[in-house]
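Got a structure open and want to know how to read it? Let's go through it feature by feature, as a chat between a learner and a teacher.

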Amino acid sequence: MVEWNRKDLLGLEELSKDEILFILNTAESFREVSTRPIKKVPALRGKTVVNFFFEPSTRTRASFELAAKRLSADIINISVNSSAMVKGETLKDTARNIEAMKVDIIVMRHSSPGAPHMLARSVKSSVINAGDGSHEHPTQALLDIFTIREKKKKLEGLNVSIIGDIAHSRVARSNIWGLKKLGANVTVCAPSTLMPPGIEKLGVRTTYKLKEAIEGADVLNILRMQIERQSENMFPTIREYAIEYGIDSEKLKYAKKDVLIMHPGPINRGIELTPDVADGPYSVILDQVTNGVAVRMAVLYLISGRPESDESTD
Amino acid sequence: MNLLIKNGRVLDPKNKIDEQLDILIEKGKISRVAKSIKEESARVIDAAGKIVCPALVDMHTHIRQPGREDEETILTGSRAAVKGGFASITVMPNTKPAIDNQGVVEFIYSEARKTELVNIYPIGAITKRLEGKELAEIGELVKSGAVAISDDGMPVMNSHIMRMALEYSKMYGIPVISHCEDLDLSSKGTMNEGYMSTVLGLKGIPAESESIMVSRDIQLASLTGARLHIAHVSTSESVELIRNAKKKGLSVTAETCPHYFTLSDEAVLNFDTNTKVKPPLRTRDDIRAIKEALKDGTIDAISTDHAPHTEAEKDVEYDFAPFGIIGLETALSLSYMELVKTGFLSLLGLIERMSLAPAKILNLQNKGHLSQGSDADILIFDTEISWVVEKNNLESKSKNTPFLGWTLISKPLELIAGGKHIMKESRIIKNEPR
Ligand SMILES: [Zn+2]
Ligand SMILES: [Zn+2]
């Protein structure tokens, strides 16, 4: 039997296949809690969780908050305006303050890759990465993989295509690490300007052609297009991006009959997904949101339950 | 007091010496290099089993005085230099205020005289306030003692201004030192662009941001006939361009730094901000090309690009940390390990690239060699001693090095600068900081 020994969850890169499966299986048992009339278990009673967000986020923050509450933990939200964080002393100082308040788990979202790693090194509290720049977003990938497994009953041999701004996507990176470890075939599809160098070394197929990404895919995971990429000249216009890479029912004609459409949200309707596809029969986007709470409950539960390290003995 | 260094293995690249000899120092100059010198009046330093060579010369040092004395001062930087075996260092012009006028050059010389440790040579700015818009008073800078001009980390992007700077510098015989970086290509980047930046999600700096500007500056050197020196070469493509320029007979010289032949971008993996430097740490292929270039002479010199930053500045998110790492105290050991131990350079070749070559580029005629009558700047070091890089054994006021915790081989023991014995058994024997 696998045990959970990690203090932090910073990414899927460092997790083993067994650890990922352990989280997914734990999430299975928590999903049922959300269907009860009283959606609460006492697993984390007396524990304190801080949502420490340096980037605006409604969904991920709310999802962690619900997960913590359903486990009976106390949770507070701290939002810091990233632009006010010109100097990082604030991160260091805030970390020390949080430490002094005897917080058990810090859930952190930050625009700079490695920020949660830095925090994890400097505090005894557990740190969960809720997205660090373009680096990783492990709980999002876990809930994506959970949803795929729920619908397809397997992961081994499945064809998953991730479509959109691969270069700046932490969702893509975490999904690639997780899916590859679980035996899925991953294709990444982006305009050439948004395809990061060397990505194929992660064992993925790359293509600029949307049709190639759609054909034969069991899952299409469509990424949100950040509008500001246009001002960086990553593509000519939003209009052209929507024409070339937006998924509409016309393009879905190339897809398998039982394809799943996923999106980490929030959706730019009419850009990467047309409304009829987002709300259509292939879409499992709302299942992702539901499963997100269960997966985050599992992560909070496992992290808080790790064997105590005897910090007092040095 | 006259000094007599006895029984050491003397290495002098200029005079092609590599044998056991004695060196007599009188009145701050080297007066004799010969076998078994007997001189009753001189104090003897026994160097048996050790290397005796010209003290090292660093042609690319950031000393933060004036302006950022919390990072490094002329005194602490000088002490770090002594510890690393350097008797001559430079001050790159990005002080505050910048070294873009006589007054700042004179201030640095006067502070350096007060510390009385090593020779300190200011490098003047190419443009006023390093803004890349108007030429600084280059003639005045040279007259007051600047040995070269550079805008270093604020590279001159305007090709016309760079051309004029090169043209103008010819009258003074000084090199123009170029930090080659296309700022539009490197914009917002924090590490080398490639597989590692993709995995880490950090914005990359493509190798071409360097080599495009190396190519531009070589063409401008060809157009003007001026002396161009390429700072901190980090990519194989830059090496290739410089090799071709030299083949054509252009007066182009180049330097690299120990971190560019010791670490690749894989060192960024744990987000250690002490690996954040410009140009960024590149790939294993680049490391190989740089070592080859040092071997065949395409790269003339090894410099440190010693760039001190406080712990508070570096102990932040990777994106927010300043670029730069310190290097004075680790340069010789790292170069010995990576170049001599691996067979790329002979010990004589290494000393040449760390003393004679930079001295020549900066027109320091009496530095970098042991000829009779030259300045008595002499280093004695031991290639057998290993030591561990630790914050508390570094003299530099800043500790931003990615080599913390590394065990290094070879250690400077004695340093003589201007005939004065300023380090004994790795202990600096004057100017203890308050
Ligand atoms: Zn530079
Ligand atoms: Zn520099």
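What follows is a short dialogue on metal sites, salt bridges, helices, cysteines and surface patches.

Q: Before we start, what kind of model is this?
A: It's a predicted model.

Q: Let's begin with the metal. Which residues coordinate the zinc ion (ligand 1)?
A: Look for the side-chain atoms around the ion. Asp152(B) takes part through OD, His179(B) through ND1 and His232(B) through NE2, at 2.1 to 2.2 Å. Along the chain, these donors follow the spacing D-x26-H-x52-H.

Q: And where do the two histidines lie?
A: His179(B) is in the loop between strand E10 (176-178) and helix H5 (183-186) of chain B, while His232(B) is in the loop between strand E13 (228-230) and helix H8 (236-247) of chain B, so the pair ties together parts that are 53 residues apart in sequence.

Q: Are those histidines buried or exposed?
A: To answer that, check the relative accessible area: under 20% is called buried. His179(B) has 7%, so it counts as buried. His232(B) is buried too, at 2%.

Q: How far apart are the zinc ion (ligand 1) and the zinc ion (ligand 2)?
A: They are 3.3 Å apart, and Asp152(B) coordinates both.

Q: On to salt bridges. What's the general idea?
A: Side chains of opposite charge can pair when their charged atoms come close. Over all chains, a search of this structure finds 48 salt bridges.

Q: Can we take one in chain A? Which parts does the pair Glu55(A) and Arg170(A) tie together?
A: Start with the contact: their side chains meet in a salt bridge at 3.2 Å, N to O. Glu55(A) lies in the loop between strand E1 (48-53) and helix H2 (59-70) of chain A, and Arg170(A) in helix H6 (residues 170-181) of chain A, so the pair ties together parts that are 115 residues apart in sequence. As for cover, Glu55(A) is partly exposed with a relative accessible area of 21%, whereas Arg170(A) is buried with 14%.

Q: Which residues are linked in a network of salt bridges?
A: The network in chain A links Glu28(A), Arg31(A), Arg149(A), Glu150(A), Lys151(A) and Asp287(A).

Q: What does chain B offer by way of salt bridges?
A: Here are two. Arg9(B) pairs with Asp18(B), with the closest N and O atoms 2.9 Å apart. Arg9(B) is partly exposed, with a relative accessible area of 36%, and Asp18(B) is partly exposed as well, with 38%. The other salt bridge joins Glu19(B) to Lys35(B), with the closest N and O atoms 3.0 Å apart. Glu19(B) sits in strand E2 (residues 17-26) of chain B and Lys35(B) in the loop between strand E3 (29-34) and strand E4 (43-46) of chain B, so this pair ties together parts that are 16 residues apart in sequence. Glu19(B) is partly exposed at 37%, and Lys35(B) counts as exposed at 53% relative accessibility.

Q: Now helices. How do I check a helix's length?
A: Compare the expected span with the distance between the end C-alpha atoms. At 1.5 Å a residue, the 17 residues of helix H7 (residues 208-224) of chain B should span 24 Å, and the end C-alpha atoms are 24 Å apart, which agrees.

Q: Which residues of H7(B) are buried?
A: First the general idea: an α-helix has 3.6 residues a turn, so residues three or four places apart point the same way. In H7(B), the buried residues include Met213(B), Val214(B), Asp217(B), Ile218(B) and Ala221(B). Just after H7(B) comes Gly225(B), with a positive phi of about 75 degrees.

Q: How many disulfides does the structure hold?
A: A disulfide is a covalent bond between the sulfur atoms of two cysteines. The structure holds 0 disulfides over all chains. Take Cys180(B): the nearest cysteine sulfur, that of Cys257(B), is 13 Å away. Cys180(B) is buried, with a relative accessible area of 7%.

Q: Last one: which residues form a nonpolar patch on the surface?
A: Tyr168(B), Met171(B) and Tyr172(B) do, with about 300 Å² of accessible area together. Tyr172(B) is in the loop between helix H4 (159-169) and E10 of chain B, and at 30% relative accessibility Tyr172(B) counts as partly exposed.

Note on methods: Residues numbered from 1 in each chain as written. Chains lettered and ligands numbered in written order. Predicted model: local features only at pLDDT ≥ 70, side-chain atom pairs only at ≥ 80, totals over all residues. Heavy atoms only, no water. Helix = DSSP H or I, 4+ residues; strand = E, 2+ residues; numbered from the N terminus. Expected span 1.5 Å × (residues − 1). Buried < 20%, exposed > 50% of the residue type's maximum accessible area, 1.4 Å probe, protein only. Disulfide = S-S within 2.5 Å. Donors = N, O, S within 2.8 Å, 3.2 Å for Na, K, Ca; no water. Patch = residues over 30% accessible without salt bridge, like charges linked within 9 Å, V, L, I, M, F, W, Y side chains within 5 Å. Areas by Shrake-Rupley, 256 points an atom, 1.4 Å probe, with all protein chains shown as cover. Salt bridge = Lys/Arg side-chain N within 4 Å of Asp/Glu carboxyl O.
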